[in-house]
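Colleague: I am new to this structure and would like to learn how to read it. Could you take me through some features, one at a time?

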Amino acid sequence: MKAPEIPADDPIEAHLADLTATLHGPARLKTQMVDELREGLLDTARELSPDAEPDRDAARQAIRQFGPVAELAPSFQRELTITQARHTARTVMLIIPCLLVCWYLVELSTRTAGHRLPDPLQVVVAHLGGLAALTAMLAAVSLSVTGTLARRLPLPQQLPLVVAWTGTTAAVALGLSALTLIAAAVLATNWPLTAAACLITIVFHARIAASARACRHCARLPVAAP
């Protein structure tokens with residue numbers, strides 16, 4: 001979809017377009033922040049303009065009062081980075097328990113059928129389960145740290161990056177889990193259950209991986225101190 005053209009005689013919209021292109025993070029929050037800034041710029045421009053509608057000179061003065069993109073972006077990006085980190089942490093914390101339930105149901109189905117997973121596969125499942133549980137715990141801690149206190153206390157600089165790599169680790173665990181579920185399907189008599197568990201795992205893997213990539217990108221951008 002082609003981006004709408006910004007009129008050459010609209011300094012405010014051009015300024016907001018530059019800011020929007022600089023920021024990265026959740027689209028809804030970014031749109032809300034830019035819309036609020038637009039209202040502030042328009043109100044200031046109206047106060048500075050002798051006419052009912054702000055002219056270009058008043059718009060440029062309002063922009064100078066609010067500051068250039070280079071000054072505004074770090075403070076805006078901080079909010080976006082925190083929100084993206086919380087989204088990634090929440091995604092991991094909610095999805096991992098579902099993964100563990102899938103594993104349990106498949107293992108229960110296999111045992112009910114009188115079969116037993118090979119020892120190497122059981123070792124892999126045990127390690128993946130422990131790794132997944134650890135990422136869920138880290139996500140829960142990160143979610144609490146990036147809550148209300150994050151807006152009052154200094155946020156550890158590397159915390160969003162830690163959340164991003166936690167999500168990446170969880171995504172890897174999910175990808176390997178899909179392979180173990182496929183192997184378990186050979187022994188399971190309940191094919192619909194095993195196939196559904198494998199499909200759910202793959203979908204969850206894609207969701208966490210995408211969120212972790214976005215969080216990692218945001219974590220590398222400069223942010224302003226609170």
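Colleague: Let me begin with charged pairs. Which residue forms a salt bridge with R46?

Modeller: This is a predicted model, so read each pair as computed from it. R46 forms a salt bridge with D43. Their closest N and O atoms are 3.0 Å apart.

Colleague: Where do R46 and D43 lie, and how many residues apart are they?

Modeller: Start with the general idea. An α-helix has 3.6 residues a turn, so residues three or four places apart point the same way. Now the case here. R46 and D43 are both in helix α2. They sit three residues apart, about one turn of the helix.

Colleague: Are the two residues of this pair buried or exposed?

Modeller: Neither extreme applies. R46 has 36% relative accessibility, so it counts as partly exposed. D43 has 38%, so it too counts as partly exposed. Elsewhere, salt bridges that share partners join E13, D35 and R38 into one network.

Colleague: How should I read that network? Which side chains meet in it?

Modeller: Take one bridge at a time. The side chains of D35 and R38 meet at 2.7 Å, N to O. D35 and R38 are three residues apart in helix α2, and so are separated by about one helical turn. D35 is partly exposed because its relative accessibility is 34%.

Colleague: And the other bridge of R38?

Modeller: R38 also meets the side chain of E13 in a salt bridge, again given as 2.7 Å, N to O. This pair links distant parts of the chain. R38 belongs to helix α2, residues 27-48. E13 belongs to helix α1, residues 11-22. The two residues are 25 apart.

Colleague: How many salt bridges does the structure hold?

Modeller: Four.

Colleague: Let me stay with helix α2. How many residues has it, and what distance does it reach?

Modeller: Compare the end-to-end distance with the expected one. α2 has 22 residues. From first C-alpha to last, α2 reaches 31 Å. That is close to the 32 Å expected at 1.5 Å a residue.

Colleague: Which residues of α2 are buried?

Modeller: They are K30, M33, V34, L37, G40, L41, T44 and A45. Look down the axis of α2 next. The buried residues fall within an arc of 135 degrees, so they line one face of the helix.

Colleague: Which exposed residues does the face turned away from that buried side carry?

Modeller: R28, E36 and E47.

Colleague: Can we repeat the exercise on α1? What span should its residues have?

Modeller: α1 has twelve residues, which at 1.5 Å a residue should span 16 Å. Its end C-alpha atoms are 17 Å apart, which agrees. The buried residues of α1 are P11, I12, H15, L16 and L19. They cover an arc of only 130 degrees around the axis, which puts them on the same side of α1.

Colleague: Now the surface. Which residues make the nonpolar patch?

Modeller: To read a patch, look for nonpolar side chains that neighbour each other and are open to the outside. Here V101, Y104, L105 and L108 make a nonpolar surface patch of about 350 Å². L108 lies in helix α4, residues 69-112. L108 is partly exposed because its relative accessible area is 33%.

Colleague: How do I compare distance in sequence with distance in space?

Modeller: Pick two residues and set both values side by side. L176 and V124 are 52 residues apart along the chain. Their C-alpha atoms are separated by 9.0 Å. L176 lies in helix α6, residues 159-187, and counts as partly exposed at 41% relative accessibility.

Colleague: Is there another pair to practise on?

Modeller: Try V145 and L159. They are 14 residues apart in sequence and 9.0 Å apart in space, C-alpha to C-alpha. V145 is found in helix α5, residues 119-145. V145 is partly exposed, with a relative accessible area of 35%.

Colleague: Last, the whole chain. How many helices and strands does the protein chain have?

Modeller: Seven helices and zero strands. Along the sequence the pattern reads α-α-α-α-α-α-α. Of the 226 residues in the protein chain, 39% are buried. The chain exposes about 12600 Å², and carbon and sulfur atoms supply 64% of that area.

Note on methods. Residues numbered from 1 in each chain as written. Predicted model: local features only at pLDDT ≥ 70, side-chain atom pairs only at ≥ 80, totals over all residues. Heavy atoms only, no water. Helix = DSSP H or I, 4+ residues; strand = E, 2+ residues; numbered from the N terminus. Buried < 20%, exposed > 50% of the residue type's maximum accessible area, 1.4 Å probe, protein only. Areas by Shrake-Rupley, 256 points an atom, 1.4 Å probe, with all protein chains shown as cover. Patch = residues over 30% accessible without salt bridge, like charges linked within 9 Å, V, L, I, M, F, W, Y side chains within 5 Å. Expected span 1.5 Å × (residues − 1). Arc of directions from axis to C-beta.
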